[in-house]
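Me: Could you take one part of this structure and go through its surroundings closely? I'd like to know what sits around it, and then how that fits with the rest of the chain.

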Amino acid sequence: MTREEKAVIIDELSQKFASTPYFYITSANGMSVGETNQLRGLCFERGVEYRVVKNTLIKKALETLDTDYSSFDEVLKGFSGVMFHPESGKVPAQLIKEFKKKSGTDKLKFKGASVDSSVFVGESQLDVLIALKSKQEMIGEIIGLLQSPAKNVIGALQSGGNKLAGILKTLSEKED
């Protein structure tokens with residue numbers, strides 16, 4: 001690979017890292033061609049872009065960004081693949097966990113991730129990433145919490161009106 005080709009790849013990766021707030025670095029070392037194709041198919045179904053890139057190119061692309069990714073230095077060893085997802089930080093984590101369960105092997109390793117510029121390193125962080133809620137989920141929960149008291153007041157007013165109507169009907173029937 002020539003310097004010019006490397007420069008183009010670094011530039012593409014830099015743009016991808018800058019424009020995508022969620023990316024994961026994985027290792028698929030020891031996976032067969034069939035397992036790798038199965039992983040790529042699963043990534044395609046979930047809207048995750050998966051690319052295998054040399055560690056030095058990943059490192060140089062990350063150095064061009066404003067965020068400090070120096071903790072990825074220990075992660076960028078061996079075979080590395082990068083997963084990008086434009087909308088959710090937990091979709092790739094769920095995909096990794098599901099792939100491990102389906103294949104019955106531990107060949108796909110989670111090395112690290114960046115979720116909204118927060119860095120997660122190590123296999124132990126995978127469950128933390130799965131539990132993360134997206135921005136839309138958080139907004140939905142807040143709206144639900146804010147609407148809850150209003151719904152209770154409206155419900156109480158409506159049920160009170162029904163009770164009053166029932167009492168008046170009962171009293172009018174007794175007079176007859």
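Reply: Two residues count as being in contact when they have heavy atoms within 4.5 Å of each other. On that basis, take the contacts in the chain between residues at least 6 apart in sequence: 78% of them join residues at least 24 apart. Keep in mind that this is a predicted model. The mean pLDDT of the chain is 83, with 89% of its residues at 70 or more. Confidence varies by element: strand 3 (residues 81-85) has the highest mean pLDDT at 91, and helix 6 (residues 135-175) has the lowest at 72. As a general caution, predicted coordinates should not be read in detail where pLDDT is low.

The part I'd pick is Lys111, which belongs to strand 4 (residues 109-115). What is the nearest side chain of opposite charge to Lys111? That would be Glu123, but Glu123 is 10 Å away, and Lys111 has no salt bridge although it is buried. For a salt bridge, a side-chain nitrogen of Lys or Arg has to be within 4 Å of a carboxyl oxygen of Asp or Glu.

What Lys111 does have is polar company of another kind. Its side chain makes a polar contact with the side chain of Ser80, at 2.7 Å. There is also a backbone partner: a polar atom of the Lys111 side chain lies 3.1 Å from the backbone oxygen of Phe79. Phe79 and Ser80 also turn up in the wider contact list of Lys111, which leaves aside neighbours within four places in sequence. That list also takes in Ile25, Thr26 and Ser27, then Val75, Lys77 and Gly78, and finally Phe120, Val121 and Gly122.

Val75 is a good next stop, sitting in the loop between helix 3 (55-63) and strand 3. Buried or exposed? Val75 has 7% relative accessibility, so it counts as buried. Not counting residues up to four places away in sequence, Val75 touches Lys111 along with Ile25, Ser80, Gly112 and Val121. Ile25, Ser80 and Val121 are on the Lys111 list too. Val75 also comes back to Gly122 by another route: the C-alpha atoms of the two are separated by 8.1 Å, with their places 47 residues apart along the chain.

Now for the wider setting. The chain has 6 helices and 5 strands, and reading along the sequence gives α-β-α-β-α-β-α-β-β-α-α. Of its 176 residues, 33% are buried. The accessible surface comes to about 10900 Å², and carbon and sulfur atoms account for 56% of that.

Another loop residue shows a similar kind of link to sequence-distant residues. Thr20, in the loop between helix 1 (3-19) and strand 1 (22-27), is buried at 6% relative accessible area. Its C-alpha atom is 6.8 Å from that of Phe84, 64 residues apart along the chain. Neighbours within four places aside, Thr20 is in contact with Phe84, His85 and Pro86.

So where are the charge pairs that Lys111 lacks? In general, side chains of opposite charge can pair when their charged atoms come close. The whole structure has 9 salt bridges. One of them joins the side chains of Arg51 and Glu12, at 3.6 Å from N to O. Because Arg51 is in strand 2 (residues 49-52) and Glu12 is in helix 1, this pair ties together parts 39 residues apart in sequence. In contrast to the buried Lys111, Arg51 is partly exposed at 23% relative accessible area, and Glu12 is partly exposed at 39%.

Arg46 and Glu98 meet in another salt bridge, at 2.3 Å from N to O. Arg46 belongs to helix 2 (residues 33-46) and Glu98 to helix 4 (residues 91-103), so the link spans parts 52 residues apart in sequence. Both ends are partly exposed, Arg46 at 29% and Glu98 at 25%. Glu98 has a further partner in Lys102, with the closest N and O atoms 3.4 Å apart. Lys102 and Glu98 are 4 residues apart in helix 4, which means a separation of about one helical turn. Lys102 itself is exposed at 54% relative accessibility. Through shared partners, these salt bridges join Arg46, Glu98 and Lys102 into one network.

Methods: Residues are numbered from 1 along each chain as its sequence is written. This is a predicted model: local features need pLDDT of at least 70, side-chain atom pairs count only at pLDDT 80 or more; totals for chains, interfaces and linings use all residues. Side-chain values use heavy atoms; hydrogens and water are left out. pLDDT is the predictor's confidence in each residue, from 0 to 100. Helices (H or I, at least four residues) and strands (E, at least two) are DSSP runs, numbered from the N terminus. Buried means under 20% relative accessible area, exposed over 50%, partly exposed in between (1.4 Å probe, protein chains only). Lys and Arg count as positive and Asp and Glu as negative; His and the chain ends are not counted. A polar contact is a pair of N or O atoms within 3.5 Å; within protein, one must be able to donate a hydrogen and the other to accept it, and residues adjacent in sequence count only if both atoms are side-chain atoms. Accessible areas come from the Shrake-Rupley method with a 1.4 Å probe; for residues, only the protein chains shown count as cover.
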